Amino acid sequence: MSIADLSMLTRCHGQWLGSQIMAELAGTPDVLDGPRARGAFLLRVLMEPPWALEITEESPLTMVAVLSGDSWLRRTDHPPQRLVAGDVLLVRGAARYLLSDEPTTVPDIRIGPGQACSGTDGRDLSDELATGVRAWGNDASGHDTMLVASYPAQAQLGTALAAALPEIALVSGADSPLLPVLVAEAARDALGQEAVLDRILDVVLISVVRDWAAGTPGGVAGLRVVADPAVAEAVRLIRSQPARAWTVDELAVSVGVSRSVLARRFQAVVGMPPIAYLAQWRLSLAADLLRDTDRTLASVSREVGYGSPFSLSTAFKKAYGVSPAAYRSEVSA
C-alpha cells in the first residue's frame, strides 16, 4: 500500500483509519505482502429466509464475511458447517459450494463465473435482486447479511499467498478492525471509491489470512518467515536487492549460516528454494512496475534483475499467462 493510498484513506476516515492500517501491516510476514486488488468485486448480500445460493465462481480468491444472522456452508463430501456473524470464508479458485439459511434448503439461485446470477429457470437475476449501491438480495432488510469480495486476477492476489491457501478455509471470529469500514465504504458511491475499496480489502484479507494461519496446526509454509531469523534476513536481502545475481552460497554467508542449512530452512519456511523465491519476487515487482508506472520494458528488466526485455518477457508470460505488454493493457483498461 503506497503512501498516497494511506493518505487518501486517512482523509476519508480520519487519523484512526490510518493508524489501524499501519497496525494491521506491522510485522506482516512476507508472503502476505502479495495482495494488490485492482477493480475487485464487492457486494453486500442481503437475504431473508428461506434462501440458498449455489456458487461456482472462478475468481482466484473470494472472501465471504458473515455480518449478521447465520448461514450454512455446504459442499460435496463434507458435513454442513454453520456460519455465524464474525466468520469469514476464503474460497480459492473454482471450488463449488452452497450457502443457505438451513442445511436442507434447496438452491434457487446460481452464482457463476464473473458473478453471473441466475434463477434455476435460467432467468438473469442480477438487476432484479439489486437493492442499492453494491447491494443485492431477496430483501433489503434481510435477516442474513454477508459481504462478498473477489479478486479478479491471480496476479493481484500474489502467487505465494495463493499457493499457501487451501481450496476453502473457514476463519471463525476473524478479528479485523477494518472489516466494518470496508462494509460501510461498500455502501458508498463517491469519487475514487473503487481505489478506496481495493486498498481496504487488501488489508482486511491480510488480517483474515493471518488469523487463519494462527489457527492452523503447525503453521503454514510461507507464513512463518518472521519466526526464523536467518530465513527472514535472506528474504529481506532478496527483496531489497532483487537485481543482484544472488546465489544460495552468497545468501548463506550474508545471513551467517551454511548453504545446506539455509536451503533446508528456506524450503521449510517459505515453501520453495531461495532462488525460486528470487525469481518469483522479481516477477512480482515487474508486475507492479508495469501496472503502476509507464516505464519501458527495458527499464523494468534492469530494475528487477533480468538481462534483457526478452528474458523478462519469457519468464513473465510463463508465470502470468500473458506478455508484459498484454498485462499492462489489461490492468490499465
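Q: What share of the contacts with a separation of 6 or more in the protein chain comes from residues 24 or more positions apart?
A: It's 73%, where contact means heavy atoms within 4.5 Å. This is a predicted model, so local features need pLDDT of at least 70 and side-chain atom pairs need 80 or more, while totals for chains, interfaces and linings use all residues. Numbering starts from 1 along each chain as its sequence is written, and side-chain values use heavy atoms, with hydrogens and water left out.

Q: OK, how many helices and strands are there in the protein chain?
A: The protein chain has 13 helices and 13 strands. Both are DSSP runs numbered from the N terminus: helices are H or I with at least four residues, strands are E with at least two.

Q: And how much of the protein chain is buried?
A: Of its 333 residues, 47% are buried. Buried means under 20% relative accessible area, exposed means over 50%, and partly exposed is in between (1.4 Å probe, protein chains only).

Q: Let's do sheets. What's the strand order in the one with 7 strands?
A: That open sheet runs β10-β11-β1-β12-β3-β6-β13, with mixed pairing. Two strands pair if DSSP finds at least two bridges between them.

Q: Which strands stand at its edges?
A: β10 (130-132) and β13 (168-171). Each has a single partner strand, so one side of each has no neighbour in the sheet. Ignoring direction, neighbouring strands here are turned by 25° against each other on average. The axes behind such angles are lines fitted to C-alpha atoms (for helices, over the stretch in contact), and angles run from 0 to 180 degrees between N-to-C directions.

Q: What does β3 pair with, and over how many bridges?
A: With β6 it pairs in the antiparallel sense over 5 bridges, and Ala65 stands opposite Val88 in β6. With β12, β3 makes an antiparallel pairing over 7 bridges, where Leu61 sits opposite Tyr151 of β12.

Q: Is β3 enclosed or open?
A: Largely enclosed by the rest of the structure, because 6 of its 8 residues are buried.

Q: Who's the bridge partner of Val91 in β13?
A: Ile168. That's part of the antiparallel pairing of β6 (residues 88-92) with β13, which covers 4 bridges.

Q: Which helix lies across β1, β3 and β12?
A: α5 (residues 179-186) lies across β1 (41-47), β3 (61-68) and β12 (144-151), at about 90° to β12.

Q: What about the sheet with 6 strands, what's its order?
A: β5-β4-β7-β2-β8-β9, an open sheet with mixed pairing. Its edges are β5 (78-84) and β9 (117-119), each with a single partner strand, so one side of each is left without a neighbour in the sheet. The twist from one strand to the next averages 25°. Inside it, β2 (residues 52-55) and β7 (residues 97-100) are antiparallel partners over 4 bridges, and Ala52 has Ser100 of β7 as its bridge partner.

Q: Switching to helices. Which residues of α8 are buried?
A: Val248, Leu251, Ala252 and Val255, in a helix that covers residues 248-255. They span an arc of only 100° around the axis, which puts them on the same side of α8. That arc is taken from the directions from the helix axis to the C-beta atoms.

Q: And what covers those buried residues?
A: The cover includes α7 (229-240), α9 (259-270) and α10 (274-292). Right after α8 comes Gly256, with a positive phi near 80°.

Q: How do α7 and α9 cross?
A: Their axes come within 9 Å and cross at roughly 85°. That makes α7 and α9 roughly perpendicular; the classes are under 35 degrees for roughly parallel, over 145 for roughly antiparallel, 65 to 115 for roughly perpendicular, and oblique for the rest. The residues in contact include Ala230 and Ile238 of α7, and Leu262 and Phe266 of α9.

Q: Does α12's span agree or disagree with what's expected?
A: It agrees: 12 residues (309-320) at 1.5 Å a residue should span 16 Å, and the end C-alpha atoms are 16 Å apart. The expected span is 1.5 Å times one less than the number of residues. Just after α12, Gly321 has a positive phi of about 85°.

Q: Is Phe310 buried or exposed?
A: Phe310, which belongs to α12, is exposed, with a relative accessible area of 65%. Its C-alpha is 8.9 Å from that of Ala298, 12 residues away along the chain.
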